[in-house]
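User: I'd like to go through the labels on this model and hear the reasoning behind each one. Can we take them one at a time?

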Amino acid sequence: MLKTIKLIFSFLQIPDDKKSGLNIIKTFLSGLIIIFLISLICHFLAEILGRFGLENPFTNLHSNEQIILNKYGLPALIGILLLMPLVEETIFRLPLRPKFIHNALSCILLIGIIIANFLAHKEYTSQLIFIGFSLLVLINLWLNRNRFRLLVYFSAILFGLMHILNFLPLNFNSLGICMVLIIPQIFVGLMLSYIRIKCNFWLGCLFHIIFNLPHIIILLIKFST
């Protein structure tokens, strides 16, 4: 297990695009342990910041899910949550092996997610700026394969920043804690990049689904009572 963790951190320090055989079970378990520990640290920091008067946006965590539940019901919500890992992997990890179709699918789905949040929260200007900047940077990195390391880092950071949408509506007082809470998501993005590059796209999707299962179970318990 320690050897697997060392391999993961070696990739995080210097990402490379060489495919290699991995012990899938050890890789999955190691990734979950790393992310769990980082999440604990970040939630502890969020609690400390909350004691200094910053608003904790964690109370808004299920706002999007609540909107979907009210409009379409619990089965639709669970279906969307199971589908989202495939969508997010297509956006953020599929282009790590660059092909025109990979890049096109990524852009289309990224725009679709932003539009969906426009309709739900009506925050047009900030999200338009965000998506425009993100696409420009992504396209530039896709076209320059010698910048693979930057592509891995940027896609992971963008993946984390996209999860700010889970905490809408936001205000300036809650933004600081929100940035702390998305740090684990950035590490999830890096871990998924590692699995995508070293193994394949579909194993990355599987890890993503496994990582999301506790969240789905919590929602099932919360919204079914």
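**Why the labels fit**

User: Why is Leu 37 called partly exposed?

Analyst: Bear in mind that this is a predicted model. Leu 37 has a relative accessible area of 46%, and partly exposed runs between the 20% and 50% cut-offs, so that label fits Leu 37. The residue sits in helix H2 and belongs to a nonpolar surface patch of about 680 Å², along with Met 1, Ile 25, Leu 29, Ile 33, Phe 36 and Leu 40.

User: And what makes Ser 30 buried?

Analyst: Its relative accessible area is 0%, and buried means under 20%, so Ser 30 qualifies. Ser 30 is in helix H2 too, which covers residues 24-51. Leaving out neighbours within four places in sequence, Ser 30 is in contact with Met 1, Thr 4, Ile 5 and Ile 8.

User: How do you know that Asp 16 and Lys 198 form a salt bridge?

Analyst: Their side chains come to 2.6 Å, N to O, and the cut-off is 4 Å, so the pair counts. This one links distant parts of the chain: Asp 16 is in the loop between helix H1 and H2, while Lys 198 is in helix H9, 182 residues apart.

User: Which of the labels buried, partly exposed or exposed do Asp 16 and Lys 198 get?

Analyst: Asp 16 is at 26% relative accessibility, so it counts as partly exposed. Lys 198 is at 8%, under the 20% limit, so Lys 198 is buried.

User: What makes Arg 93 and Glu 89 a salt bridge?

Analyst: The closest N and O atoms are 2.7 Å apart, again within 4 Å. Arg 93 is buried, at 0% relative accessibility, and Glu 89 is buried at 0% as well. The structure holds 2 salt bridges.

User: Where does the charged end of Arg 93 sit?

Analyst: Over the ring of Phe 159, 4.4 Å from its centre. The distance limit for that label is 6 Å.

User: How many aromatic pairs are there?

Analyst: The structure holds 4. One of them is Phe 201 with Trp 202.

User: Why is the pair of Phe 201 and Trp 202 called edge-to-face?

Analyst: The centres are 5.0 Å apart, within the 6.5 Å limit for a pair. The planes make an angle of 80°, and over 60 counts as edge-to-face, so the name fits. As for accessibility, Phe 201 is buried at 9%, whereas Trp 202 is exposed at 58%, over the 50% mark.

Definitions and conventions. Residues numbered from 1 in each chain as written. Predicted model: local features only at pLDDT ≥ 70, side-chain atom pairs only at ≥ 80, totals over all residues. Heavy atoms only, no water. Helix = DSSP H or I, 4+ residues; strand = E, 2+ residues; numbered from the N terminus. Buried < 20%, exposed > 50% of the residue type's maximum accessible area, 1.4 Å probe, protein only. Contact = heavy atoms within 4.5 Å. Patch = residues over 30% accessible without salt bridge, like charges linked within 9 Å, V, L, I, M, F, W, Y side chains within 5 Å. Areas by Shrake-Rupley, 256 points an atom, 1.4 Å probe, with all protein chains shown as cover. Phe/Tyr/Trp six-rings, centres within 6.5 Å; stacked < 30°, edge-to-face > 60°. Lys NZ or Arg CZ within 6 Å of the ring centre and 35° of its normal.
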